[in-house]
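Take a moment to look over the sequence and turn the structure around on your screen. Then read on for a guided tour of how its pieces fit together.

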Amino acid sequence: QVQLVESGGGLVQAGGSLRLSCAASGSIFSIVIKGWYRQVPGKQRELVAGITSGGSTNYADSVKGRFTISRDNAKKTAYLQMNSLKPEDTAVYYCNADSLGKNYWGKGTLVTVSS
């Protein structure tokens with residue numbers, strides 16, 4: 001079983017920065033951390049930043065230029081650096097990964113951006 005744990009969320013003023021971490025643990029033989037998603041009440045979970053096995057990245061238009069996804073395969077950890085935060089970035093942020101054909105989600109970390 002794979003566990004994903006997000007951390008780094010909190011309350012930040014508009015224009016500020018946060019760095020989220022996603023750490024994978026458990027019985028992991030092979031894992032690919034695929035990206036970060038976010039969800040607000042009443043809306044579907046949406047992709048914020050994705051990263052391929054080869055390291056290519058893609059971002060939602062709303063965060064492009066402000067967020068950066070990175071990954072440390074040796075540590076089985078992914079990061080999301082969030083700069084120039086806006087109130088509309090307020091959401092629960094989730095890490096997503098694949099391992100041996102199964103998909104995993106963390107429990108999320110709350111990011112609140114005040115205006």
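## A tour of the strands

Let us begin with a pair of strands: β2 (residues 10-13) and β11 run parallel to each other and are joined by 4 bridges. Within this pairing, V12 sits opposite V113 in β11. Please keep in mind that this is a predicted model.

Strand β11 covers residues 109-114 and has two faces. T109, V111 and V113 lie on its covered face, while L110, T112 and S114 lie on the uncovered one. The residue V113 that stands opposite V12 is thus a member of the covered set.

Strand β2 also holds G10. Is G10 buried, exposed or partly exposed? With a relative accessibility of 25%, G10 counts as partly exposed, because buried would require a value under 20%. Leaving out neighbours within four places in sequence, G10 touches L18, L110, V111 and T112. G10 and V113 are 103 residues apart along the chain, and their C-alpha atoms are separated by 8.4 Å.

Now follow β11 to another partner. Strand β9 (residues 91-99) runs antiparallel to β11, with 3 bridges between them. Here Y93 stands opposite T109 in β11.

Strand β9 also pairs with β4 (residues 32-39), again in the antiparallel sense, and this pairing has 7 bridges. In it, Y37 is found opposite Y94 of β9. From β4 we can step on to β5 (residues 46-51), an antiparallel partner joined to β4 by 4 bridges. R38 stands opposite E46 in β5. The hairpin of β4 and β5 has 6 residues between the strands, and G42 in this hairpin takes a positive phi near 85 degrees.

Here are the four pairings side by side.

| Strands | Sense | Bridges | Opposite residues |
|---|---|---|---|
| β2 and β11 | parallel | 4 bridges | V12 and V113 |
| β9 and β11 | antiparallel | 3 bridges | Y93 and T109 |
| β4 and β9 | antiparallel | 7 bridges | Y37 and Y94 |
| β4 and β5 | antiparallel | 4 bridges | R38 and E46 |

Next come two loop residues. Which loop holds S84? S84 lies between β8 (77-82) and β9. Its phi is near 50 degrees, a positive value in a residue that is not glycine. S84 is partly exposed, at 40% relative accessible area. L100 belongs to the loop between β9 and β10 (102-105). L100 also has a positive phi, about 50 degrees, without being a glycine. With a relative accessible area of 65%, L100 is exposed, since that value is over 50%.

Finally, let us step back to the chain as a whole. How many helices and strands does the chain have? The secondary structure comes to 0 helices and 11 strands. The C-alpha trace spans about 45 × 25 × 25 Å along its principal axes. For 115 residues, a compact globule would have a radius of gyration near 13 Å, and the chain's 14 Å agrees with that.

Of the 115 residues, 39% count as buried. Among contacts between residues at least 6 apart in sequence, 54% join residues at least 24 apart. The accessible surface comes to about 6200 Å², and 49% of this belongs to carbon and sulfur atoms. As for charge, the chain has 13 positive and 7 negative side chains, with the centres of the two sets 5 Å apart.

Technical notes:
Residues are numbered from 1 along each chain as its sequence is written. This is a predicted model: local features need pLDDT of at least 70, side-chain atom pairs count only at pLDDT 80 or more; totals for chains, interfaces and linings use all residues. Side-chain values use heavy atoms; hydrogens and water are left out. Buried means under 20% relative accessible area, exposed over 50%, partly exposed in between (1.4 Å probe, protein chains only). Two strands pair if DSSP finds at least two bridges between them. The radius of gyration is taken over C-alpha atoms; the globule rule is 2.2 Å times the number of residues to the power 0.38. Contact means heavy atoms within 4.5 Å. Accessible areas come from the Shrake-Rupley method with a 1.4 Å probe; for residues, only the protein chains shown count as cover. Lys and Arg count as positive and Asp and Glu as negative; His and the chain ends are not counted. The place of a charge is taken as NZ of Lys, CZ of Arg, CG of Asp or CD of Glu.
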